[in-house]
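Here's a quick walk through a protein model and the ligand that goes with it. Have a look at the structure first, then read on.

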Amino acid sequence: MRRFLIAGNWKMNTLRQSGVALAGELAAVAVHEEAGVEVLICPPYPYLLPVGERIGGSAVQLGAQDVYFESPGAFTGEIAVEMLKDCGCRYVLIGHSERRAILGETDAVINRKVRAALAGGLTVVLCVGELLAERQSGQTEEVLDRQMEGGFSGISEAEAASIVVAYEPVWAIGTGVTATPEQAESAHEHLRKWLARRYSLAFSEKTRILYGGSVKADNAETLLSQPNVDGALVGGASLKAATFVPIIEAARKLAN
Ligand code: PEP
């Protein structure tokens, strides 16, 4: 059975005090490792260390929201894999739609980041998802295939074992419009079949595929109960314990 992953992407939010306080509330909720549910938070870079200290000893995992693909050197403003590891990160988000759309990240850049992160021992959450216009013109699966081919390019099955896929339809991110459970399940099933074709059936069955896009307390259980939905990547609702913890609880309920 795949273990649910409930991941919070704080984006460019919180300050040190509010971030550490939120981390403390989550650490109190996810005290011990659980067989069925894993909890991850991805704060902004400057707060990785204090947030990491606050969740130390709890079951909450630490991740970053991005990484650069080069080794340490003359790359002003960038952050290397080694630095994230040094700050206690186990995970890194790569290819979030905001980085694709606002920062112009291509599939080729995303692939270099994925490879660097895997080589450095991080677990990657690779984000894919279609724009509204692409869905409306029936291109969803084609777009997902292109992003998966780009992201997984040159990566062996053994390496890909440290990749979690996050399906995030762009039209559902931060909009309050959530994909229906049927839309999410159909995309997740398509992604799992892609993984089976690219690697193997056994591999596809082990890989976690998260849903992201306006996940909230009141829709989490229905989304997470879809057979191919293995967790959630949560933006807005991850910024308060009062809205994030119920999503963790929904996963716990389904896992037990
Ligand atoms: C995200 O940014 O990954 C996300 C899913 O945001 P939100 O939950 O706010 O839609």
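Glu168 reaches the ligand with its side chain: one of its polar atoms lies 2.7 Å from a ligand oxygen atom. Keep in mind that this is a predicted model. Two glycines also contact ligand oxygen, but through the backbone: a backbone N or O atom does the job in Gly235, and likewise in Gly236. Here are the three side by side:

| Residue | Atom on the protein side | Distance to a ligand oxygen atom |
|---|---|---|
| Glu168 | polar side-chain atom | 2.7 Å |
| Gly235 | backbone N or O atom | 2.8 Å |
| Gly236 | backbone N or O atom | 2.8 Å |

How much of the ligand does the protein bury? On its own the ligand exposes 290 Å², and 97% of that is buried by the protein.

Now for the rest of the shell. There are 14 residues around the ligand, and the ones that come nearest are Lys11, Glu168, Gly174, Ser214 and Gly235. Sorted by character, the shell holds 8 polar, 4 nonpolar and 2 charged residues.

Next, the fold. The model has 8 parallel strands closing into a barrel, and they follow the order β1-β2-β3-β4-β5-β6-β7-β8. On average, neighbouring strands in this sheet are turned by 25° against each other, ignoring direction.

For a close-up of one pairing, take β4 (residues 91-94) and β5 (residues 123-128), which run parallel and share 4 bridges. One residue pair to look up there is Leu93 with its bridge partner in β5, Val125.

Finally, find helix α12, residues 241-255. This helix lies across β1 (4-9), β2 (37-42) and β8 (231-234), and runs at about 170° to β1.

Methods: Residues are numbered from 1 along each chain as its sequence is written. This is a predicted model: local features need pLDDT of at least 70, side-chain atom pairs count only at pLDDT 80 or more; totals for chains, interfaces and linings use all residues. Side-chain values use heavy atoms; hydrogens and water are left out. Two strands pair if DSSP finds at least two bridges between them. Helices (H or I, at least four residues) and strands (E, at least two) are DSSP runs, numbered from the N terminus. Axes are lines fitted to C-alpha atoms, for helices over the stretch in contact, and angles run from 0 to 180 degrees between N-to-C directions. Contact means heavy atoms within 4.5 Å. A residue is near a molecule or strand if one of its heavy atoms lies within 4 Å of it. A polar contact is a pair of N or O atoms within 3.5 Å; within protein, one must be able to donate a hydrogen and the other to accept it, and residues adjacent in sequence count only if both atoms are side-chain atoms. Accessible areas come from the Shrake-Rupley method with a 1.4 Å probe; for residues, only the protein chains shown count as cover. Ala, Val, Leu, Ile, Met, Phe, Trp, Tyr, Cys and Pro count as nonpolar, Asp, Glu, Lys and Arg as charged, and the others, Gly among them, as polar.
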